[in-house]
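Visitor: I should like to learn how to read the architecture of a single chain. Could we take the strands, the helices and the ligand site in turn?

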Amino acid sequence: MNSLSHHGSDEHPENHDPGHYFDALAAQWDSPERVARAQALARVMGPHLPADTQIIIDFGCGSGIVGRSLGVRDVIGVEVSEKMREVAASHGVRVYERLDEVPICQVDAIVSSMVLHHVDDVAATLRELVSRVRPLGSVVVADLDAGQEFFHAHMARTDASSPAASDTPDPTAHVFHHGFDRDFFASCLEDAGLVDVRVVDGYTGVKEGSEGEPARQYSVFVASGVKPQ
Ligand SMILES: C[S@@+](CC[C@H](N)C(=O)[O-])C[C@H]1O[C@@H](n2cnc3c(N)ncnc32)[C@H](O)[C@@H]1O
């Protein structure tokens, strides 16, 4: 099973597919809050792309809102959720289910926003992303800072092998990490073969509380690195 597109138990694949969970959210994904977050992140991520960037992959593109906000000529989406792919395509994004289906060998940059906390083997995924970037191209990732369990309090963590595992009730949700320590994530990018690794503040938003919990502030970092010549 391709770790970039599906995760979890072979016994109940329908319960362990992030695409299944995000299918239900696709039509309403581009809420004013998420559009504001995507545009703010794109402003931070943009300067980490090579100056002559023409073509990028937005990995886990959802509706494509982050990639589309970067002002790049050509955005290719990779997205496991069929319904999200339909939304992204309706905005003109060429979108594929898996990275290995993208017909272009190497692109100028790969961006990914709020996706890798849904991915089990982050190291393997980063290595695969790096392999699809040209020399002197960049990988730019936005994701939650560590320790923000409250962000997914409304979702289940059903995979017992996951660091974020719990027995909360919704079996369709899929969260492997409740964010990442910035130094740890920087070392992951270096281990994947990138240089000039940087991690900066990306976005601060407010997450509405579920089940009577108060709203809380959450933070997102932007991490980037360059593929050596
Ligand atoms: C929290 S949403 C973020 C969407 C978009 N990047 C944004 O910032 O608005 C995470 C997205 O990643 C997708 N996803 C999760 N794991 C994936 C994988 N292994 N390959 C491709 N897409 C994945 C989900 O289906 C979902 O649409």
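Visitor: Which way do strands β1 and β2 run, and how many bridges join them?

Guide: Strands of a sheet pair through backbone hydrogen bonds, in either a parallel or an antiparallel sense. In this predicted model, β1 (residues 55-59) and β2 (residues 74-78) run parallel and are joined by five bridges. At one position of this pair, Phe59 stands opposite Val78 in β2.

Visitor: In what order do the strands of the sheet lie?

Guide: The order is read across the sheet rather than along the sequence. Here an open sheet of seven strands has the order β3-β2-β1-β4-β5-β7-β6, and its pairing is mixed. β3 (94-96) and β6 (195-207) are the edge strands, each pairing on one side only. From one strand to the next, the twist averages 20°.

Visitor: In which sense does β7 pair with β5 and with β6?

Guide: One examines each partner separately. β5 and β7 are antiparallel, with seven bridges; within this pair, Ala142 has Val222 in β7 as its bridge partner. β6 and β7 are likewise antiparallel, over 10 bridges, and there Val206 has Gln217 in β7 as its bridge partner.

Visitor: Across which strands do helices α5 and α6 lie?

Guide: For a helix on a sheet, one notes the strands it crosses and the angle it makes. Helix α5 (residues 122-131) lies across β1, β4 (107-113) and β5 (133-144), running at about 145° to β5. Helix α6 (residues 182-191) lies across β5, β6 and β7 (216-226), at about 140° to β6.

Visitor: What pattern do helices and strands follow along the sequence?

Guide: The chain has six helices and seven strands, and their pattern is α-α-β-α-β-α-β-β-α-β-α-β-β. Of the contacts with a separation of 6 or more, 68% are between residues 24 or more positions apart. Of the 229 residues in the chain, 43% are buried.

Visitor: Which residues come nearest to the ligand?

Guide: One looks at individual residues, then at the elements that supply them. Among the 22 residues around the ligand, Phe22, Gly60, Gly62, Ser81 and Ser113 come nearest. The elements giving two or more residues to this shell are α1 (18-23), α2 (32-45) and α3 (65-68). The largest share, three residues, comes from α1.

Visitor: How many residues of the shell are nonpolar, polar and charged?

Guide: The shell around the ligand comprises 13 nonpolar, seven polar and two charged residues.

Definitions and conventions
Residues are numbered from 1 along each chain as its sequence is written. This is a predicted model: local features need pLDDT of at least 70, side-chain atom pairs count only at pLDDT 80 or more; totals for chains, interfaces and linings use all residues. A residue is near a molecule or strand if its C-beta atom, placed from the backbone, lies within 6 Å of it. Helices (H or I, at least four residues) and strands (E, at least two) are DSSP runs, numbered from the N terminus. Ala, Val, Leu, Ile, Met, Phe, Trp, Tyr, Cys and Pro count as nonpolar, Asp, Glu, Lys and Arg as charged, and the others, Gly among them, as polar. Two strands pair if DSSP finds at least two bridges between them. Axes are lines fitted to C-alpha atoms, for helices over the stretch in contact, and angles run from 0 to 180 degrees between N-to-C directions. Two residues are in contact if their C-beta atoms, placed from the backbone, lie within 7 Å. A residue is buried if 20 or more other C-beta atoms lie within 10 Å of its own, exposed if 12 or fewer, and partly exposed in between; C-beta atoms are placed from the backbone.
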